[in-house]
Structure formats: structure tokens, C-alpha cells
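Colleague: Hey, can you walk me through this one? I'm new to reading structures, so keep it simple.

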Amino acid sequence: PSASSSAPPPHGGGPRVSGPNVGNRVDVVLGAQWGDEGKGKVVDLLAQDADMVCRCQGGNNAGHTVVVDSVEYDFHLLPSGIINPSVTAFIGNGVVIHLPGLFEEAEKNEKKGKGQSVVIVCVCVLGTTKKGIGPVYSAKAARSGLRICDLLSDFEEFSERYKVLAQQYKSMYPTLEIDIDGELEKLKAYVDRIKPMVQDGVYYMYEALHGRPKKILVEGANAALLDIDFGTYPFVTSSNCTVGGVCTGLGMPPQNVGEVYGVVKAYTTRVGIGAFPSEQDNEIGDLLQTRGKEVGVTTGRKRRCGWLDLVLVKYAHMINGFTALALTKLDILDVFEEIKVGVAYKVDEELVPYFPANQEVLHKVEVQYETLPGWKSDTSTARTFEELPENAQKYVRFIEDQLGVPVKWIGVGKSRESMIQLF
């Protein structure tokens, strides 16, 4: 044969591309209520064989506690899956970074652990005040925000923009004092420390999705009812903590989203003000609060407590499309004679088929409850579904039937071993 016969076909002459290669998929763990559902524990379980764990939104206003080998770790900025020493932690563009807090947290958890190293890949919004998450997202939307890539580019230019932003904050908050030169000195000192950790996020994520097979995990911060668009506005956080925030906060397409795990506490809690239809402002709420040790990891505030509200969880499922659930803190209900579950809302004696967007309406809803028998026995030693008391099993099945989503894990304690896996 002639030499030309082995040459590639002319442009456009070969077989057509049948479709894009989807690549690896990411599994997502999201809160289905108002936060504090125990997402960190689920991430910790899944991260044991993960290659990469990611944060896509929020900042150090999130708080996750994970207990491994009787050691308690607190996470605010780092993905809690970083306890696995072979994992790469990816902090995406949607996250607000407070640099001093980041390094402080990394060092504190490294001392507690087995000396695992912290590798962070990030292109994120830069938080300049401790816990000033809202103002940072506001600055981002107003296009005056500061990004990690700006810090690592031209420091003179970064400094000028920092000064302008600081003056804006001072005019908005007259009592705010900012040592501009001192803060800039601190930020300059972080440049060399953070530089080796920073990559172009979109490119890095694309390579991770389309390289060798990888197990990639995304850890949502906050929860569905705190989402800036879908939460109980205005008592919400400043980011999208629903599944859409995964794509925009990491720079990846929706086709790469795999399993979406919703984390649901066996009852409901909320920090701060805002409507809370199933709240029990009585001895039931007090008992849930004390038994569940319901105090915020980040704020130190007592959480308000109430019965499980499935109207709210169903709403979270409508938005997120949960493929399975983790039901946490079931053991907290061990002492109750009977347990109520919210299954519908009425407003002015009429059933409302959806979760009301308006706060005033939400304050007026009457929750319609189903009453289930309690089990009045200790579940904390159960390690299989069959070891749970019959009424506890019925409680889990009731939740599955109401939501049409299977429960994959049940939490009956603080430790890693206390998560019962059903399938």
C-alpha cells in the first residue's frame, strides 16, 4: 500500500464524535434541614476511600465535628474528609477563605491527628474579616471582592483594591476599625505559604474528572433551608447550599454529579431567629436540646429544637434530588413514649401543598403531625438495622415511605462505628 493510505483521514473525514466523555462523577453530601445534621460524619465515612474531598460554598461559618479513635476534630473551612491522610482537599471558587483561620485550623487538627498533611487546591473569594461571610459575598456580587488569584498576582494592585474595599466597609459600618497596613502585612506574609497550594480550579477539577478513575466527594456546608435562594429568606446564609452550588462553586458540569446524599437529623433544630414550624418551645424541646447536646460548633449558641418536619425535608428533596438519606441522631429519641412527625402544613384551615416561601405565611402554618410509638430503649449499641428496636425500625421506614427516598445510613452515636449502613 502507498504511504498515504496510513495517513489520518482529512479534516472532517473520520467517524463523528458520538458524545462527550462524562468522566468521573462526584458524590455530594448535603444538609436537608437548617444545618447541624451531622454531615461531617457522613463525609468522614465516605472519605475513607476517597481520592479527593471538596468544599464548594460557605466559609468558616460552617462547623463540622468528627470523632475518630476517641479524638474529636472540629472543621470550619477544611473539608472534614481530610482526616483520611491520602486524600486531596479541594477548596473551590465558591468558598470564602479567611487565611489566618485556614492555617490555624489546619495546624490544630494536624496536631490532633496522625500527622497527615493538608493539601489545599483553591481559587476562592478572600474573606478579610473573621466570619464576615455575608459582606464578602456582597462584595463578590458588587464586583469589588478580592480573590486568591489577585493576592498572588500583583501585590501593589491587590493593596490598592484592598484599601478601596476597606474604606467602603468603614463607611458602611462607622464603628469598624481596620488596621489597613497591618492587615496587608499579614496577607503579604501568607503569599509564600499559600502559593504552592493554589491551582486554576476549573482546569484542576476537569483534570480530576477526566483523568484516571477517582472517587471524588463534595461536602456541602450549611443546608437547604439556609440557601440564599431556597431557604427561609432573609434568615439564610449568603451562598447556594443546595446541589446547584456544587457546579458553580467548583466549576464543573451537572452531568458529573453522581449520588446526592441528604443528611437528615431524626428531629429538627435551628440556630438563631426565623420561622420554625415544628419547634417545641417546651419540655420536649428542652429534652431534645440537652440529650442532643444541641449547641452550635461555630457559634456556641443553643439550638432551638422540635419534631422532625417532613414537609421541609420533602422540599429539600425537590430541589436536590436526593438519591439516598443519612438519618442521624436517632438515639436522641430513645427516651420518648411517643414521637411526632410533621407530614403536612395547614394555613387558615387549608392544606398547603408546598413549602411557603414567605416568612409571614410560614409563621402562621399549623403543622399536621402523625404520632408514632416510641421505643423507650437504648439504640446506641446497635450496629445493624435488625438490632434496632421494632418501633425504631418502623420510624425509619415511615420516613422512607413519606419521602420516597431510601435511608442508607442511620446514626446512633458520635463515633464512626455508630453509623449503621443499610445497603
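Modeller: Sure. D348, E349, E350 and E366 form a negative surface patch. A patch takes residues with over 30% relative accessible area and no salt bridge, joining like charges within 9 Å. Asp and Glu count as negative, Lys and Arg as positive, and His and the chain ends are not counted. The place of a charge is CD for Glu, CG for Asp, NZ for Lys and CZ for Arg. A salt bridge means a side-chain nitrogen of Lys or Arg within 4 Å of a carboxyl oxygen of Asp or Glu.

Colleague: Is this an experimental structure or a predicted one?

Modeller: This is a predicted model, where local features need pLDDT of at least 70 and side-chain atom pairs count only at pLDDT 80 or more, while totals for chains, interfaces and linings use all residues. Residues are numbered from 1 along each chain as its sequence is written, and side-chain values use heavy atoms, with hydrogens and water left out.

Colleague: Back to the patch. Where does E349 lie?

Modeller: E349 is in the loop between β15 (338-347) and β16 (350-352). Helices (H or I, at least four residues) and strands (E, at least two) are DSSP runs, numbered from the N terminus.

Colleague: And why does E349 count as exposed?

Modeller: Because its relative accessibility is 57%. Exposed is over 50%, buried is under 20%, and partly exposed is in between (1.4 Å probe, protein chains only). The areas come from the Shrake-Rupley method.

Colleague: New topic: which residues does the UniProt "active site" annotation cover?

Modeller: In the unreviewed UniProt entry, that annotation covers D36, H64 and K140. Positions are in the numbering used here, feature names are shortened, and annotations may be inferred rather than shown by experiment.

Colleague: Where is D36, and is D36 buried or partly exposed?

Modeller: D36 sits in the loop between β1 (26-31) and α1 (39-47). With 25% relative accessibility, D36 is partly exposed. UniProt's unreviewed entry also lists D36 under "binding site", along with G63. These are spread over 28 residues of sequence but cluster in space, with a largest C-alpha distance of 7.8 Å. D36 is also linked with K265, E294, R303 and K329 in a network of salt bridges.

Colleague: How many salt bridges are there in the whole structure?

Modeller: A search finds 17. One of them joins R161 and D150, with the closest N and O atoms 3.3 Å apart. R161 is in helix α5 (residues 155-172) and D150 in helix α4, so the pair ties together parts eleven residues apart in sequence.

Colleague: Got another one, maybe inside a single helix?

Modeller: Yep: E400 and R397 form a salt bridge, closest N and O atoms 2.8 Å apart. Both lie in helix α12 (residues 390-403), three residues apart, about one turn of the helix. E400 is buried at 13% relative accessibility, while R397 is partly exposed at 36%.

Colleague: Anything odd in the backbone?

Modeller: A few things. Most residues other than glycine have a negative phi, and most peptide bonds are trans. Here, the peptide bond from Y233 to P234 is cis, with omega near 5°. R143 isn't a glycine, yet its phi is positive, near 65°. N222, also not a glycine, has a positive phi of about 60°.

Colleague: Are R143 and N222 buried or exposed?

Modeller: R143 is exposed, at 74% relative accessibility. N222 is buried, at 10%.

How values were computed: Patches are made of residues with over 30% relative accessible area and no salt bridge: like charges are joined within 9 Å, nonpolar side chains (Val, Leu, Ile, Met, Phe, Trp, Tyr) within 5 Å. Accessible areas come from the Shrake-Rupley method with a 1.4 Å probe; for residues, only the protein chains shown count as cover.
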